[in-house]
Amino acid sequence: MTSYTLDVYMPVIILMAFAIGLVLISVFVAQILRPFKPNALKEQAYECGEEPVGTAWSNFNVRFYVVSLIFIVFDVEGALMFPVASIYRKFVEIGEGAVLVGSLLVFISVLVVGIVYCWAKGDLDWVRSFQLSDEQINQLKGIEEKA
Amino acid sequence: MSPSVNEYVNQFEIHQKLVAMVSDFLGFDASGLMAFLVFAVTAFAIVNVMALIGGLGTYAERKISADIQLRQGPNRVGPYGILQFLADGVKMIMKETIYPAQADRALFNLAPVLALLGVFATLAVVPFSSGFTLANLNVGVFYLIGVGSLVGVAVFLGGYAANSKWSMLGGMRGASQIISYEVPVTITTLSIVLLAGGLSFGHFVENQGGFPHEWFIFHNPFTFIGFFVFFVGMLAETNRAPFDLPEAESELVSGYHTEYTGMRFGLFALAEYIEVFVLCGVAVAAFLGGYKVPFDLGNGVIFVEKLGLPAIIGKNIGQVLQLGSFVTKTLALYYVVIWVRWTFPRIRVDQVMTICWKYLTPIALFNLIGVVFWMYAFDNQSLWEILSHLGGGSHGGHH
C-alpha cells in the first residue's frame, strides 16, 4: 500500500541517523587507537614527491561548466516528465492513450531539440576545435604584423 | 500491492498482542512507537548486512580479479582469505589520519559522511521482498535518483576540499561524469515508469512476473536495449571501471580520495561497494523481475493449500523465497559488474562524454518514444503475449 502521509519517510531518517552514527563511531574508535603525529612534510599535498606549487583551487576547464548546464536542462525536463509517465499506463488501459501520447511526444521533442541543438553547436564535443573564418585569420595576421 | 515491513509485521497476531501489551504498560497508544522500533530494528539489520556485503564486495572483487588474471588473490586471513576485509578494516582504523595543511577541514570531513548518507538513504526503498521493504514510497524511483546523487556531491566535495591537484582533477571528472550519466539513466527509468504505471518499486515489481518472459527486459525490444543503457549508466554513476576516471590510479594517483587516509578512505570505499549493490538491486527490480518467484510461490498460498501449513508459515516461506530470488539476481549482476571491470580497459575522459551524450542519451530517447508507441499500439501487451496470441492462444501467456 502506498501511503500518502509523511510517516513513510521515517525509515529514511533512521537510515540517515545510522549512516552518521557509523561514521562517528568508526572515526571515534580510530581516534583512540591510531597514532597522530602531524608534521609539515606529512601535511603537504601529495604530488609524487615534487614540492607543490600554488593551490589547486584555480581556474578550471570550462567544458565541465557547459556539461553541467546541459545536464540541468535535461534533468529538469526529465523530472517534469515523471508525472505524465506514471499515469500513461492507466490511460492506455481504459483506451484513452492517445490523449497522453501527444503530451509525452511534446515533452520528448523538447529533449530531442535540446540535444540536436547542443550537438550542432558542438557543445557535446569534449575536445572542441575552433574553425576560424578566413576573415578572422587575416585579422589575426594583421595583429601579428603590427606587433 | 507490496506493503512496507511495518504493515507486513502488523498482520501477525503476536505483534498485535505485543503492541496492546506495550500500550497497556505505557498507558498510551504505542503503535507509533512500535512502528518506530520495527523500522529501527529492520534498518539496523539491513545496514549491518549491507556493511557485510560491502566488505565481502572488496573480497569478491579481489578474488574474482585474481581468478580472471590467473592469480591466487587473498588467501591468508581465514579460510580462502575470506576474512581479509576484516583485516583491512582493522588496518584502516589503525592508520594515522592526515589532514593536508591547505585543505578545507570542515568539507574534508563532510565528504565521506555525505557519501555514506546518500547510499544508506537509498537502502530505504530497495525492494528485498514484498514484505521486507523499509518504505514503499510512492515516489520510489524518483527519490532514489535524487538521494543517490548525494554521492556525486560527495565525490566532488572530497576532490575539492583536499586542495590537491590530483584530487581536484578527480573530483571534477567525477562530478561531470556522474551528472552526465544521470540523464540516460533517468530517461531509461522513465520508460519503465511508463510500463509500470507508477513510480514506486511496488508498481515496478508487481507488474512483472517470475519467469523471464514476464520481466520488463523482455517486454519489448526497446526495454531490452534500455536495460543495457541503464547498466552502462549505472557503471558510470558508481565510478566503476571502465568508467573509473575519477580515481584513475594510473593517471591521477588515486583521484578524488588521494589525500584521504585511514577510516575516511575506508568509508568512501564502503559507500562505493554498497552503492553498486543498491544499483544492481534497482536494475533487478526494474528490468529483471525483482523479487518475483516463478509459479507465484512468493505469496505462499500454494504451501498452505498443497502442504497444509499454517497461513503465517506459508507466507513467511514465500517471503524467504522472494528474498532469495532478489538477492540471487542482484549478486549475479554484481558479479557481472566486477567481471566488466577486469575485462575492459579504462576509457578516456572525452570518450566518456561522447558515449554518454552522443550514444546513450539519443538511444535512451529513442527507446522512450518506442515504448510510448508500443504501449499505445499493442494495448500494453508484452512481446510474449502478442506472440502467444498469434499462435492461436494454445499456450497462452502465464498469469
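**Figure 1. Contacts and overall form of chain B in the predicted model.** Among contacts in chain B between residues at least 6 apart in sequence, 77% link residues at least 24 apart. The chain is built from 16 helices and has zero strands. Its C-alpha atoms occupy a box of roughly 65 × 60 × 40 Å along the principal axes. For 399 residues, a compact globule would have a radius of gyration near 21 Å; chain B comes to 23 Å, so the two agree. Buried residues account for 55% of the 399 residues in chain B.

**Figure 2. The interface between chain A and chain B.** Here 61 residues of chain A meet 79 residues of chain B. On the chain A side, helix H1 (10-33), helix H2 (63-93) and helix H3 (97-121) each provide at least two of the touching residues. By class, that side of chain A holds 45 nonpolar, eight polar and eight charged residues.

**Figure 3. Helix H7 of chain B and its surroundings.** H7(B) runs over residues 150-161. At 1.5 Å a residue, its twelve residues should span 16 Å. The end C-alpha atoms are 16 Å apart, which agrees. Ten of the twelve residues are buried, so H7(B) is largely enclosed by the rest of the structure. The buried set includes Val151(B), Val155(B), Phe156(B), Leu157(B) and Tyr160(B). Three glycines, Gly152(B), Gly158(B) and Gly159(B), are buried in this helix too. The cover over these buried residues includes helix H5 (105-122), helix H6 (140-148), helix H8 (165-196) and helix H12 (262-287) of chain B. Just after H7(B), Asn163(B) adopts a positive phi of about 55°.

**Figure 4. Val371(B) and its contacts.** Val371(B) sits in helix H15 (residues 349-377) of chain B. It counts as buried because 27 C-beta neighbours lie inside 10 Å, where the cut-off is 20 or more. Setting aside residues up to four places away in sequence, Val371(B) touches Ser191(B), Leu194(B), Leu195(B), Asn220(B), Phe222(B) and Thr223(B). Leu190(B) is 181 residues from Val371(B) in sequence. In space, the C-alpha atoms of Val371(B) and Leu190(B) are 9.8 Å apart.

**Figure 5. Two positive phi angles in the loop between H3 and H4 of chain B.** Most residues other than glycine have a negative phi. Leu70(B) departs from this sign, with a positive phi of about 55° although it is not a glycine. This leucine lies in the loop between helix H3 (31-68) and helix H4 (84-94) of chain B. Tyr80(B) is placed in the loop between H3 and H4 as well. Its phi is near 55°, again a positive value in a residue other than glycine. How exposed is Leu70(B)? Leu70(B) is exposed, because 6 other C-beta atoms lie within 10 Å. Tyr80(B) has 13 C-beta neighbours inside 10 Å, so it counts as partly exposed.

**Figure 6. The largest nonpolar core.** This core has 148 residues. Which of them touch the most other members? They are Leu15(A), Ala115(B), Leu116(B) and Ala283(B). H12(B) gives the most to this core, with 18 residues. Leaving aside neighbours within four places in sequence, Ala283(B) is in contact with Phe230(B), Phe231(B), Met234(B), Leu288(B) and Leu333(B).

Definitions and conventions
Residues numbered from 1 in each chain as written. Chains lettered and ligands numbered in written order. Predicted model: local features only at pLDDT ≥ 70, side-chain atom pairs only at ≥ 80, totals over all residues. Helix = DSSP H or I, 4+ residues; strand = E, 2+ residues; numbered from the N terminus. Rg over C-alpha atoms; globule rule 2.2 N^0.38 Å. Contact = placed C-beta atoms within 7 Å. Nonpolar A, V, L, I, M, F, W, Y, C, P; charged D, E, K, R; others polar. Expected span 1.5 Å × (residues − 1). Core = buried A, V, L, I, M, F, W, Y, C linked by C-beta atoms within 7 Å.
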